[in-house]
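This report describes how two helices pack and how a set of strands is arranged.

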Amino acid sequence: MSNHSPFELAKSDSWLRWRDRKLSQAPASLNELLVEIDDPRTISASEHQAVLERCRRSNMAIYVSALGGEEGTYIPRAVGMRFGCNNINHNRGAEEDAVTALTVQDDQLHAPYIPYTNKEIHWHTDGYYNRLDLQNYSNLLHCVRPAMEGGENGLMDHEMAYLLMREESTDYVRALMREDAMVIPNHVVDGEELRPERVGPVFMVTAAGNLHMRYTMRKRNIVWNQDPLVQEAVAWLEQLLKSDCEHIFHATLQSGWGLISNNVLHDRSTFEDGDDPASKRLLYRARYYDRIHCT
Ligand SMILES: [Fe+2]
């Protein structure tokens, strides 16, 4: 971390400058994050700029297009490539091109995983359980069909969560930057270890100098460090995410809409599909090892 990094914890001018700019440019409502685009498969230069402008301010943008209803994982792949995201994270349950079709699936491969159910998903960032050198720095959602009811996403810029925590207590931030802040137990299916136990921080600064966050509010998937400061910081963060903080936004993606983000904090409310199987909620999700270059 360079001395000029705003994320250096010794109180510095660069932190104060970064903080003030972040607060003064923060979106006041979800509307400020929406960008109308004609066709997500062929995003124009001005649409591209408009998305980057939102990402610069809050690490996310929601595009609103009239493409609705069209299926095809090439849609999110095209969006990702337009933003320089080429290194996609393959995961179990994904389609052949590593895009994941998020829809209710009750087969053996998908059913144990909460994204393929209609249940609520608590606050998290994607891929927190990945190796530290293979983190998801960006992700995309593209909505083909929303649910009949529900399926709303809560969204919070992880940099804003960091900022508010640092304003509350630098010690909390320091505790969550500990390399042993949390342990994610190994993942075993049918006696086979699919992922080893992983230990790591919540907040980390990448080699490129960007702030990255690894987090889940799920209790089952995580063992927090017993250090009282880590415990307090985690409790404070949980309270923040459950609050009506003005920097938390709520959006229900509609047909043809999509979320482009530098893996910000998000959750999903429970949802109900209609009776017609052809009308089931369908969102595509792509997670990348690349960050959207917006600075
Ligand atoms: Fe997620």
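H4 and H6 are oblique to each other, because an angle that is neither under 35 degrees (roughly parallel), nor over 145 (roughly antiparallel), nor 65 to 115 (roughly perpendicular) counts as oblique. The axes of helix H4 (residues 158-168) and helix H6 (residues 228-241) cross at roughly 125° and come within 11 Å, where axes are lines fitted to C-alpha atoms, for helices over the stretch in contact, and angles run from 0 to 180 degrees between N-to-C directions. Helices (H or I, at least four residues) and strands (E, at least two) are DSSP runs, numbered from the N terminus.

This is a predicted model, in which local features need pLDDT of at least 70 and side-chain atom pairs count only at pLDDT 80 or more, while totals for chains, interfaces and linings use all residues. Residues are numbered from 1 along each chain as its sequence is written.

The residues that make the helix contact (C-beta atoms, placed from the backbone, within 7 Å) are tabulated here.

| Helix | Contact residues |
|---|---|
| H4 | Ala161, Leu164, Met165, Glu168 |
| H6 | Ala233, Trp236, Leu237, Leu240 |

The sheet is described next. Its 4 strands form an open sheet in the order S4-S17-S7-S15, with antiparallel pairing, two strands being paired if DSSP finds at least two bridges between them. Strand S4 (121-124) and strand S15 (249-251) stand at the edges with a single partner strand each, so one side of each is left without a neighbour in the sheet. From one strand to the next, the twist averages 15°. Strand S7 (residues 153-156) pairs with strand S17 (residues 265-268) in the antiparallel sense over 4 bridges, and Leu155 stands opposite His266 in S17.

Notes: Contact = placed C-beta atoms within 7 Å.
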